[in-house]
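Reader: I have a structure here and some labels to check. Can we go through what earns each one?

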Amino acid sequence: MAKLPPFPGTNGRRDWRTAFDAIRKLLANGDDTTQVFRIMRALNVGNAPMNYGKFIATEEGGRMAYERVELAERFVDKAYVAQFAPGTVGAAYRNFLETTGYSADGLAEVSRINREEDMLHPYAWFGRRIRDTHDIWHVLTGYKADESLGEAALVAFSYAQVGGLGWAFIGGAAALKSLRVTGNTLFARAVWEGYRNGRKARWIAGEDYEKLMHEPIDAARARLAIATPVAYLRAQRELGAEMASYLSTRREKPGAAKPERLAA
């Protein structure tokens with residue numbers, strides 16, 4: 001396969017100073033999703049060409065890249081989300097939106113601190129595609145989005161799936177801090193399990209999501225080889241809600257909208 005050129009305007013060097021500043025802020029407040037995108041921009045050097053090249057090397061990926069559907073536009077359409085039959089991935093996603101209060105355009109808005117997000121470029125389009133399906137990955141894997149544990153586990157799963165040192169940096173930092181905060185290894189083991197499950201699963205970033213949403217969720221998990229997260233479920237049960245969300249500083253008020261989150 002021919003090597004694709006780098007993302008326009010990048011110099012190929014990682015910005016560790018920005019990454020450490022952002023991870024410090026993220027570990028102090030897991031709800032500060034802006035820091036996630038700072039870390040991704042600082043550390044995911046070379047990730048865009050790698051994943052886009054892998055995507056267009058497949059027959060379906062080439063077609064989807066040619067069509068360039070913006071998935072966020074689909075997922076914010078209430079009529080589109082309402083169409084899915086009970087038991088499907090789409091129905092589970094609809095329930096996710098209703099119970100968490102999250103939305104596809106919430107992540108899109110936060111991610112715009114990186115100017116590359118809205119570029120008219122194939123790499124940027126594929127990056128938006130991964131961003132906009134993040135919550136569907138929550139649904140497929142069973143990792144909760146409104147707790148630090150579930151986000152950290154999915155971050156590790158994502159690193160195994162699409163690479164990018166930023167994912168590993170976030171998941172590893174959350175796991176290391178958990179050893180001190182929780183006093184045991186349950187959280188860290190769940191994060192490591194997320195990475196291992198991501199390695200075993202099929203490449204979910206290459207899926208046709210408009211078809212996937214109509215698929216029965218149990219069948220989709222089996223086809224994609226997404227394992228039951230045993231260590232995660234144990235950690236969630238034994239740590240309890242407070243420790244499973246130890247990085248969150250949010251104090252919810254009745255009726256208040258929840259901020260979209262992406263990581264621990």
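Author: Start with a helix pair. In this predicted model, S148, L149, A152, A153, A156, F157, Y159, A160 and Q161 of helix 11 meet F187, A190, V191, G194, Y195, N197, G198 and R199 of helix 13.

Reader: What makes these residues of helix 11 and helix 13 a contact?

Author: Contact requires heavy atoms within 4.5 Å. The residues named in helix 11 and helix 13 meet by that rule. The residues of this contact divide into 11 nonpolar, five polar and one charged.

Reader: At what angle do helix 11 and helix 13 pack, and how far apart are their axes?

Author: The angle is about 30°. The axes of helix 11 (residues 148-162) and helix 13 lie 7 Å apart. The crossing of the two helices is right-handed.

Reader: Now the charges. Why is the pair of R38 and D21 called a salt bridge?

Author: The cut-off is 4 Å between a side-chain nitrogen of Lys or Arg and a carboxyl oxygen of Asp or Glu. The closest N and O atoms of R38 and D21 are 2.9 Å apart, so the pair qualifies. This pair links distant parts of the chain: R38 is in helix 2 (residues 34-43), D21 is in helix 1 (residues 16-28), and they are 17 residues apart.

Reader: Why do R38 and D21 count as partly exposed?

Author: Partly exposed lies between 20% and 50% relative accessible area. R38 has 23%, so the label fits. D21 has 24%, so D21 is partly exposed too.

Reader: How do you know that R223 and E207 form a salt bridge?

Author: Their closest N and O atoms are 2.8 Å apart. The limit is 4 Å, so the pair passes. R223 lies in helix 15 (residues 217-223), and E207 sits in the loop between helix 13 (186-200) and helix 14 (209-212). The pair therefore ties together parts that are 16 residues apart in sequence.

Reader: Are R223 and E207 buried or partly exposed?

Author: R223 is partly exposed, at 31% relative accessibility. E207 has a relative accessible area of 9%, under the 20% cut-off, so E207 is buried.

Reader: Which residues are joined into one network by salt bridges that share partners?

Author: E60, R63, E67, D208 and K211.

Reader: What about R131 and D132: how close are their N and O atoms, and are the two residues buried or exposed?

Author: The closest N and O atoms are 2.7 Å apart, and R131 forms a salt bridge with D132. Both R131 and D132 are buried.

Reader: How many salt bridges does the rule give?

Author: The count comes to 15.

Conventions: Residues are numbered from 1 along each chain as its sequence is written. This is a predicted model: local features need pLDDT of at least 70, side-chain atom pairs count only at pLDDT 80 or more; totals for chains, interfaces and linings use all residues. Side-chain values use heavy atoms; hydrogens and water are left out. Helices (H or I, at least four residues) and strands (E, at least two) are DSSP runs, numbered from the N terminus. Buried means under 20% relative accessible area, exposed over 50%, partly exposed in between (1.4 Å probe, protein chains only). Axes are lines fitted to C-alpha atoms, for helices over the stretch in contact, and angles run from 0 to 180 degrees between N-to-C directions. A crossing is left-handed if the near helix is turned anticlockwise from the far one by less than a right angle, and right-handed if clockwise. Ala, Val, Leu, Ile, Met, Phe, Trp, Tyr, Cys and Pro count as nonpolar, Asp, Glu, Lys and Arg as charged, and the others, Gly among them, as polar.
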